[in-house]
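Morning, everyone. I have one structure to walk through today. Have a look at the screen first.

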Amino acid sequence: MKTNGFLTAVCCGLFAVFLLSCAGSAASAAPRQERTAAQEEATDGRDAADESDAAEKQDAADERDAAEEQDAGTEALEERKTEEVSENRISENSVSGDQISENRIPALLLLRPSGGGNSVSRNGVSRNSISQNAVSRNTVSRNSVSQNSVSRNTVSENGASKSGISGNAVSGNGASKSGVSGNAVSGNGVSENRPAEMPGRRLTLADRQKVMSSHRQTMQANEADRKTISGNDIDFSEIKIACLGDSITQAVNLDSLKNYQALAWPNIMKEALGAKEAVNLGIGGSSIGRYWADAFVDRYSKIPEDTDLILVMGGTNDGFCASFVEFGNEKERAPRTFWGDLDELMEGLKEDYPEAEVIFLTPLPNSLQDYLKARRKYLMPQEAFPETILTLAGEHGLEVFDLYNSNILDGHDRDNVLHLMPDGVHPNEEGYRILGEHVAAELIRLLDERKAELPEGFSDGSSEDGAELEEEDWSTQNTATRN
């Protein structure tokens, strides 16, 4: 019995030791398992970081590739733009409704030399010559009188019976004196105020004074002139202009100011047009006729030979001294009379400067003439001088800007004297600005009208296919009186 008990105790002890040993093994295995999980988490973290770094590197590489593609595209675009510029594609498009400055029509193509040729013909643009579209060959409805400017052609030259010009009351106007285009008053913005009873003839100063005061007309005209100048698409940059005149051209009344000739109307006109040069040949106290010193007819030879456009503004001083004797008459045109010397001046300008266009400007109305005439009854009325200029210019085929009958800067107007013409004769600085801008605008309007005579699509002196156009004589070149 004792032996069995001892064995039982030994077996129980051994079994307990076995159980303790198993429990110890299990306990020691648990920490190893926990360490392995931590190690796995650390490994996973390292793998995730490696993957993130790889993704960032790939994104950076993609961005570099995209940037390189964009740079390549930009370079290609710049190359295409360069090619377009080199092919002058830009020049084919207009900028804000105006042609690019390099493609503006040169003024030289639109000027008409006084020697009988034509600037357009001279520069190889005579395919559209008026001789091919003569009024006598085409109906007036196809070649309107205003476009073909028939004022210089007498009714007999145009064949009134064939062209039906008499139906347009040209004969009633007397084409040789006033010209059909003398009725085109819209250039000065007067048409909307034109008296209803005045159709078919040139408006006089008296006609306009019935409608509007000179000061108001002057300010309205200046507003229209400035719009014309701002919208100009004619290139005057190669044009040399000479201005023959008296003290109003010289601006001698401003001589107390530094560089006063910069304020004279010829320089104002030059700046407004962007012209190459404007030579001021104004001399105070000079007249057209040979009554006083420095008569226009004796000194016009001082005009530079390379002048493209000659502007002559005179007649004011002639009115201060010319009686019936000095004034002369249309039939005799004797030397040392206004009629004779003006006729000689116009003919001399045409002969000596055949490559230049000549335009006359009638004198501005002034109050000093009235003062002198009240004391010297023998003096001619003021309006006789602009009328003579208009008549002789028509005979010689010269353009006229009729300042006298425009009702602009009239020295009789109280407000003009107060603001623009202190002595009733000479403009002040503001008055000269208005006068210069008006002459510039009238030049632009005149040349604008001549654009219609250029071949369709013309812009640079050649035909659409680039070939030089054949020169031809403009046999029916004519003039327009602008007022």
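A definition before we start: two strands pair if DSSP finds at least two bridges between them. And a caution: this is a predicted model.

Start with strand 3, residues 240-245. With strand 4, residues 277-282, strand 3 shares six bridges, and the sense is parallel. One partner pair there is Gly-245 with Gly-282 of strand 4. Now the other neighbour I want to show. Strand 5, residues 309-313, is joined to strand 3 by five bridges, and the two run parallel. There, Leu-244 has Val-312 in strand 5 as its bridge partner.

How many residues of strand 3 are buried? Six of its six, so by the cut-off of under 20% relative accessible area the strand is mostly covered. Take the faces one by one. On one side sit Lys-240, Ala-242 and Leu-244, all buried. On the other sit Ile-241, Cys-243 and Gly-245, also all buried. Note the lysine: Lys-240 is in that buried set.

Next, the aromatics. Searching the whole structure gives three aromatic pairs. Take Phe-327 and Phe-338. Their ring centres are 5.8 Å apart and the planes sit at 10 degrees, so this pair is stacked. Phe-327 belongs to helix 13, residues 324-327, and Phe-338 to helix 14, residues 338-352, so the contact ties together parts eleven residues apart in sequence. Both of these phenylalanines are buried.

Now swap the partner. Phe-327 and Phe-385 have ring centres 5.2 Å apart and planes at 85 degrees. That makes the pair edge-to-face. Why does this pair tie together parts that are 58 residues apart in sequence? Because Phe-327 lies in helix 13, while Phe-385 lies in helix 16, residues 384-396. Accessibility next. Phe-327 has a relative accessible area of 7%, so it counts as buried. Phe-385 is buried too, at 1%. Put together, Phe-327, Phe-338 and Phe-385 form one aromatic cluster.

Last stop, Glu-355. Where is Glu-355 found? In the loop between helix 14 and strand 6, which is 357-361. So helix 14, the helix that holds Phe-338, also borders this loop. Is Glu-355 buried or partly exposed? Partly exposed: its relative accessible area is 44%. Then there is a long-range pairing to look at on screen. Glu-355 and Ser-114 are 241 residues apart along the chain, yet their C-alpha atoms are separated by 6.7 Å.

That's my tour. Over to you for questions.

Conventions. Residues numbered from 1 in each chain as written. Predicted model: local features only at pLDDT ≥ 70, side-chain atom pairs only at ≥ 80, totals over all residues. Heavy atoms only, no water. Buried < 20%, exposed > 50% of the residue type's maximum accessible area, 1.4 Å probe, protein only. Helix = DSSP H or I, 4+ residues; strand = E, 2+ residues; numbered from the N terminus. Phe/Tyr/Trp six-rings, centres within 6.5 Å; stacked < 30°, edge-to-face > 60°.
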